[in-house]
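Okay, thanks everyone for coming. I'll keep this short, so let's put the structure up and walk through it together.

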Amino acid sequence: GPFSTHRRAMEHNEDSAPSTSGVESDVTLFYSGVRDFLKPLAERTDEQVRATTASQAALAESLQALTHELQGVVENADELPPLAEYAAKLARSKKRVADIQTVLSAVVSRVETVEKLAQQYAAVEERRRLSRSGSRA
């Protein structure tokens with residue numbers, strides 16, 4: 001799994017004296033493990049977000065077409081059939097779509113924040129690594 005490399009590194013380091021580079025290596029391994037663990041989750045979430053967005057767009061398009069069709073029926077009908085129940089269902093569906101889109105936007109925002117934090121952390125780790133390798137020279 002993603003933490004097996006870390007486990008092997010720790011077993012290897014048990015025989016040697018603790019050192020700053022060992023701790024830095026453990027931090028790097030930990031970061032790599034977390035990144036490797038979260039990457040498939042982020043990818044699956046992205047796929048689900050794309051699928052949900054496409055589904056919501058198709059549903060919104062269908063609702064718009066139905067609304068347009070119903071408007072034509074209303075304009076051309078002498079006597080309206082009892083549509084109140086269906087109109088209420090349509091309104092509830094429209095509200096659920098809006099609620100799902102709100103939640104979906106929040107999820108996308110959170111995923112983007114996690115990705116941004118991971119990139120910032122990687123940049124900090126890279127600067128640390130470069131400053132350590134530069135100070136050794």
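Before we start, one term: two rings of Phe, Tyr or Trp count as a pair if their centres lie within 6.5 Å. Also keep in mind that this is a predicted model.

With that cut-off in hand, how many aromatic pairs does the structure hold? Just one. The partners are Tyr 31 and Tyr 121, with 4.7 Å from centre to centre and 40° between the planes. That makes the pair tilted, since stacked would need planes under 30 degrees apart and edge-to-face over 60.

Now, where do those two sit? Tyr 31 belongs to helix α2, residues 20-76, and Tyr 121 to helix α3, residues 84-136, so the pair ties together parts that are 90 residues apart in sequence. And are they buried or exposed? Tyr 31 is buried, at 14% relative accessible area, because the cut-off for buried is under 20%. Tyr 121 comes out at 29%, which counts as partly exposed.

Let me step back to the whole chain. You're looking at three helices and zero strands, so to speak a plain α-α-α as you read along the sequence. Of the 137 residues, 15% count as buried. The accessible surface is about 10800 Å², and carbon and sulfur atoms account for 58% of that. Then there's the contact pattern: take contacts between residues at least 6 apart in sequence, and 78% of them join residues at least 24 apart.

Okay, on to the pocket. Rolling a probe the size of a water molecule over the atoms shows where empty space is left. The largest pocket here has about 490 Å³ of space. Which residues are closest to its centre? Those are Leu 38, Ala 42, Val 114, Glu 115 and Ala 118, out of 18 that line the pocket. The elements giving two or more residues to that lining are α2 and α3, and the largest share, 10 residues, comes from α2. As for chemistry, the lining divides into 12 nonpolar residues, two polar and four charged.

One last residue to find on the screen: Glu 112, over in helix α3. Glu 112 is partly exposed, with a relative accessible area of 47%. How far apart are the C-alpha atoms of Glu 112 and Ala 42? They're separated by 9.4 Å, although the two residues are 70 apart along the chain.

That's my tour, so over to you for questions.

Technical notes. Residues numbered from 1 in each chain as written. Predicted model: local features only at pLDDT ≥ 70, side-chain atom pairs only at ≥ 80, totals over all residues. Heavy atoms only, no water. Helix = DSSP H or I, 4+ residues; strand = E, 2+ residues; numbered from the N terminus. Buried < 20%, exposed > 50% of the residue type's maximum accessible area, 1.4 Å probe, protein only. Contact = heavy atoms within 4.5 Å. Areas by Shrake-Rupley, 256 points an atom, 1.4 Å probe, with all protein chains shown as cover. Phe/Tyr/Trp six-rings, centres within 6.5 Å; stacked < 30°, edge-to-face > 60°. 1 Å grid on protein atoms, 1.4 Å probe; cavity = no way out; pocket = protein on both sides within 12 Å on 5 of 7 lines; lining within 4 Å. Points joined across faces, edges and corners; volume = space filled by probe spheres on them. Nonpolar A, V, L, I, M, F, W, Y, C, P; charged D, E, K, R; others polar.
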